[in-house]
Amino acid sequence: MTKPFNIPKQLIWEAFQCVKANGGSAGVDRESIEQFESRLGDNLYRLWNRMCSGSYFPPPVMGVPIPKKSGGFRLLGIPTVADRVAQTAVKLLLEPILDPVFHQDSYGYRPGRSAHDAIAIVRRRCWDYDWVVEFDIKGLFDNIDHERLMRALGKHCEIPWVLLYVARWLKAPMQTAQGELLARNCGTPQGGVVSPLLANLFLHYAFDRWVERNLPGVKFARYADDGVMHCKSLAQAQFVMRRIGERFQECGLELHPDKTHIVYCKDINRQESYPCVQFTFLGYTFRPRKAVDKYGRVYVNFSPAVSRDALKSMRQTIRGWHLQLKCDCEITDLSKMFNAVLRGWQGYYGRFYGSAMSAIWKHMNGYLTRWMMRKYKHLARHKTRATEALGRLARQKQNAFVHWEMGFLPKAG
């Protein structure tokens with residue numbers, strides 16, 4: 001019997017390979033990736049067959065509360081493994097269609113673009129423009145208007161089965177830990193494979209294209225629901241903030257009142273008095289900082305470095321490792337356990353104004369010193385001697401930790 005939709009089996013297979021590579025937990029059916037793979041042929045055939053016949057209906061997503069840095073929780077919607085495969089198949093088709101349409105200053109969840117790209121362009125423009133409007137969209141993924149989104153998708157995609165299943169994913173309910181099903185009349189679950197792509201499409205028309213048409217000359221950089229707009233004067237910044245607030249209201253969205261500000265990019269050449277001279281974007285705080293030019297002269301520059309909140313989070317993570325209690329471990333064991341995390345932090349937060357990360361490396365060395373004091377009895381209660389011994393060990397095993405490789409060795413005193 002002929003099926004209404006012609007979906008290549010190879011597409012479903014490629015989608016599973018992506019899901020397996022990305023990992024992730026089970027959904028409402030409690031089926032892990034390993035369990036799904038144990039009957040891979042049957043599971044993929046069943047999914048493909050249902051999608052081709054139009055009889056595939058996504059199961060509810062599992063609501064998992066995730067703590068927010070600002071306090072409170074957000075509900076992450078975790079699809080089942082099979083549903084992640086179905087969503088990935090759609091993403092593999094849609095992304096090559098939609099990504100070329102997106103604005104050059106949209107950076108979030110796009111292939112070949114990164115948070116560092118967004119930070120770099122914002123840094124460059126903060127040198128050229130005196131004022132910034134920093135904004136954040138409150139609950140973006142929970143408040144996307146389904147009708148507007150489907151209209152936008154229909155402009156670029158005419159594949160019937162893709163439109164059908166995107167519409168069904170948008171309506172799929174969320175199941176709480178207590179088993180309650182929460183209906184979804186707007187939004188797209190944060191945690192869904194295809195959700196970031198759909199959110200970018202929605203904001204492409206709700207914000208990116210709108211700014212181009214209605215605020216010509218205003219540069220911006222947007223990473224998902226976080227954005228920065230560059231203005232020439234305070235009056236222009238005030239006008240821009242009012243206009244984007246009105247625009248988001250028209251689209252059913254809202255600016256976060258505590259994360260939307262006007263900022264003066266104060267530096268050696270900008271000396272106006274304004275109460276707000278810093279903002280945080282993608283884990284980096286932009287503010288006036290000391291810099292040295294090529295002639296060795298010190299001056300004030302408006303530039304990014306790792307934010308205070310990010311530093312606090314990293315210190316808390318190190319404290320939670322309880323390094324000082326791992327007396328049965330050698331330094332090579334500790335390296336295997338923790339160096340990959342430290343390298344990830346350096347790779348992200350050390351890209352701009354990397355010296356600001358020195359507080360983390362001192363913190364890590366401090367815990368390693370305490371580990372030495374507990375591991376070796378002759379160093380107990382002798383912090384200076386333990387630090388000196390750790391310094392000798394660090395020079396012997398300099399590749400054990402990324403900060404030792406960079407020369408942040410333990411020092412007594």
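A nonpolar core is a set of buried Ala, Val, Leu, Ile, Met, Phe, Trp, Tyr and Cys residues joined through side-chain atoms within 4.5 Å. Keep that in mind for the close-ups below, which all come from a predicted model.

**Figure 1. The largest nonpolar core has 67 residues.** The members that touch the most others in this core are Ile7, Ile12, Met51, Trp161, Met229, Ile244 and Phe248. Helix H9, residues 195-214, supplies the largest share of the core, with eleven residues. A separate core of 54 residues lies apart from this one, and its members include Cys126, Ile331, Leu334 and Phe401.

**Figure 2. Zooming in on Ile7 and what it touches.** Leaving aside residues up to four places away in sequence, Ile7 is in contact with Ile12, Trp48, Met51, Cys52 and Trp161. Trp48 has a charged visitor too: Lys9 lies over its face, at 4.7 Å from the ring centre.

**Figure 3. Trp131 meets Tyr274 edge-to-face.** Searching the whole structure turns up 22 aromatic pairs. In the one formed by Trp131 and Tyr274, the rings are 4.9 Å apart centre to centre, with 85 degrees between the planes. Trp131 belongs to strand E3 (residues 131-136), while Tyr274 sits in the loop between strand E8 (261-264) and strand E9 (279-281), so this pair ties together parts that are 143 residues apart in sequence. How buried or exposed is each partner? Trp131 counts as buried because its relative accessibility is 3%, under the 20% cut-off. Tyr274, at 24%, is partly exposed.

**Figure 4. Phe207 and Phe248 form a stacked pair.** Here the ring centres are 5.7 Å apart and the planes make an angle of 15 degrees. Phe207 comes from helix H9 and Phe248 from helix H10 (residues 234-250), so the contact ties together parts that are 41 residues apart in sequence. Phe207 is buried, at 1% relative accessibility, and Phe248 is buried as well, with a relative accessible area of 0%. You've already met Phe248 in Figure 1, among the residues that touch the most other members of the largest core.

**Figure 5. Ring pairs join four aromatic residues into a cluster.** The cluster is made up of Tyr56, Trp161, Tyr165 and Trp169, linked by ring pairs. Trp161 should look familiar, since Ile7 touches it.

**Figure 6. Arg168 sits over Phe57.** Its charged end is placed over the Phe57 ring, 3.8 Å from the centre.

Note on methods
Residues are numbered from 1 along each chain as its sequence is written. This is a predicted model: local features need pLDDT of at least 70, side-chain atom pairs count only at pLDDT 80 or more; totals for chains, interfaces and linings use all residues. Side-chain values use heavy atoms; hydrogens and water are left out. Buried means under 20% relative accessible area, exposed over 50%, partly exposed in between (1.4 Å probe, protein chains only). Helices (H or I, at least four residues) and strands (E, at least two) are DSSP runs, numbered from the N terminus. Contact means heavy atoms within 4.5 Å. Rings of Phe, Tyr and Trp (its six-membered ring) pair if their centres lie within 6.5 Å; planes under 30 degrees apart count as stacked, over 60 as edge-to-face and the rest as tilted. A charge sits over a ring if NZ of Lys or CZ of Arg is within 6 Å of the ring centre and within 35 degrees of the ring normal.
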